[in-house]
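Here are my notes on the model you sent, set out as numbered points. Please read them with the structure open beside you.

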Amino acid sequence: MRIVFFGTPQFAIPTLERLLSESRFEVVGVVTQPDKNRGRGNKLSPSPIKEVATAHQVPIWQPARIKKDPETIEALRQLTADIFVVVAYGQILSQEILDLPKSGCINVHGSLLPEYRGAAPIQRCVTDGVNRTGITTMLMDAGMDTGAMLLKYETSVSLWDNADRLATKLAIEGANLLIETLVDLDRITPTLQEHLAATSAPPIQKSEYTIDWTRSNISLHNRVRGFYPNCVTTFRAQPLKIMSTVPLGRDFQADLPPEMQQLIPELESLDLSSSVPGTVVKIAKGLGFIVQTGSGYLLIREVQLSGKRSQSGTDLVNGMRLAVGELLG
């Protein structure tokens, strides 16, 4: 089976590596996004997928806008591929491109379609606090993740999963599901999506990373783990990333270890009527520090000061002599 692979980020690597490792598949080309300036040095760097393709000496195309690039389209036509496999490529394919392979284009999407169509399905499902998600393989059409579904893999999402850990798991399962889909393609009956049940997962905007302490503790916790590791507030007029949190309250008590459960009655006994969201209300020895939110309390477990490595909330308390009454944000 001759395959052209479209993909860009780390999430797509397990699928490409599986295709490259199995003799029944021949990856005849890879299409990925152009090199971008990345990292602290802002150096021009290849995408993770380009690095894998280069290591395996697979021909690579990097059009800035593939729909407007006749040379790339003609090159893909000449490859006479059986299947195009698309995993988090980052550009929408035109109908002209979708019609090139003999057996169509298959997308590996990081949600249980028709839920979370769009660019950020994993991050959005975590920020929404859902308790289940998965992977869907589908036959692509010209719409945004609207094609007929082939196979699905479903998994639970815990209160402690962040988008990074969940993406790592789903990337591996997505590779497994893609192989199963290709092997059984002739025996799978595609299922049309229920478009009225669709939800969207639009690209994440940088402004969403700023923590609004007037939100509830569970909303903030979900955003911290969904946008990991990028949520940021201010501390003594300097940026402070919030990397890991725990919502404290009766609704979550059963999910907490004993040392955190005992914090809940202690907080309930405090007179915090005059404090505002963002206020540090308690230092939890060995655990971190607790901040009042718009509804409930949030234990801050891991943070990162600008230009520094991440550290525990306890280390920040000790190193910066953080005190009750200080205001974040």
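1. In what follows, contact means that heavy atoms lie within 4.5 Å of one another. The coordinates come from a predicted model, and the points below should be read with that in mind.

2. With that meaning of contact, the first pair of helices to look at is α1 and α2, where I13, L16, E17 and L20 in α1 meet P48, I49, V52 and A53 in α2. Sorted by class, this contact has seven nonpolar residues and one charged residue, with no polar residues. Helix α1 covers residues 13–21 and helix α2 covers residues 48–55, and their axes come within 10 Å and cross at roughly 15°. Angles under 35 degrees count as roughly parallel, and α1 and α2 are therefore described as roughly parallel to each other. The crossing in which α1 passes α2 is right-handed.

3. Helix α1 also meets helix α6, and here the axes come within 7 Å and cross at roughly 40°, which makes α1 oblique to α6. As for handedness, α1 passes α6 in a right-handed crossing. On the α1 side the residues in contact are P14, T15, R18 and L19, and on the α6 side they are A171, I172, G174, A175, N176, L178, I179 and L182. By class, the contact of α1 with α6 has eight nonpolar, three polar and one charged residues.

4. In what order do the strands of the open sheet of seven strands lie? The order is β5-β2-β1-β6-β7-β8-β9, and the pairing is mixed. Strands β5 (60–61) and β9 (149–156) stand at the edges and have a single partner strand each, so one side of each is left without a neighbour in the sheet. Helix α6, which spans residues 163–183, packs on this sheet and touches β1 (2–7), β6, β7, β8 (132–139) and β9, while its direction makes about 150° with that of β9.

5. Within the sheet, strand β6 (residues 83–87) and strand β7 (residues 105–109) run parallel and are joined by three bridges. One residue to locate when you trace this pairing is F84, whose bridge partner in β7 is C105.

6. Strands β12 and β13 form a hairpin with three residues between them. Strand β12 (residues 280–284) runs antiparallel to strand β13 (residues 288–292), and four bridges join the two. V280 stands opposite V291 in β13. In the turn, G286 has a positive phi of about 80°.

7. Turning to charged side chains, the structure holds 13 salt bridges, and one of the pairs deserves a closer look. The side chains of E74 and R77 meet in a salt bridge, with a distance of 3.1 Å from N to O. Because E74 and R77 are three residues apart in helix α3 (residues 70–78), they are separated by about one helical turn. As a general matter, side chains of opposite charge can pair when their charged atoms come close.

8. Some backbone details in the loops should be checked by eye. Which proline follows L113 through a cis peptide bond? That residue is P114, and omega of the bond is near 10°; P114 lies in the loop between β7 and α5 (121–127). A cis peptide bond also joins Y228 and P229, with omega of about 5°, and P229 is placed in the loop between α7 (217–226) and β10 (232–235).

9. Finally, T80 has a phi near 45°, which is a positive value in a residue other than glycine. T80 lies in the loop between α3 and β6, where α3 is the helix that holds E74 and R77 and β6 is the strand joined by three bridges to β7.

Notes. Residues are numbered from 1 along each chain as its sequence is written. This is a predicted model: local features need pLDDT of at least 70, side-chain atom pairs count only at pLDDT 80 or more; totals for chains, interfaces and linings use all residues. Side-chain values use heavy atoms; hydrogens and water are left out. Axes are lines fitted to C-alpha atoms, for helices over the stretch in contact, and angles run from 0 to 180 degrees between N-to-C directions. Angles under 35 degrees count as roughly parallel, over 145 as roughly antiparallel, 65 to 115 as roughly perpendicular and the rest as oblique. A crossing is left-handed if the near helix is turned anticlockwise from the far one by less than a right angle, and right-handed if clockwise. Ala, Val, Leu, Ile, Met, Phe, Trp, Tyr, Cys and Pro count as nonpolar, Asp, Glu, Lys and Arg as charged, and the others, Gly among them, as polar. Two strands pair if DSSP finds at least two bridges between them. A salt bridge is a side-chain nitrogen of Lys or Arg within 4 Å of a carboxyl oxygen of Asp or Glu.
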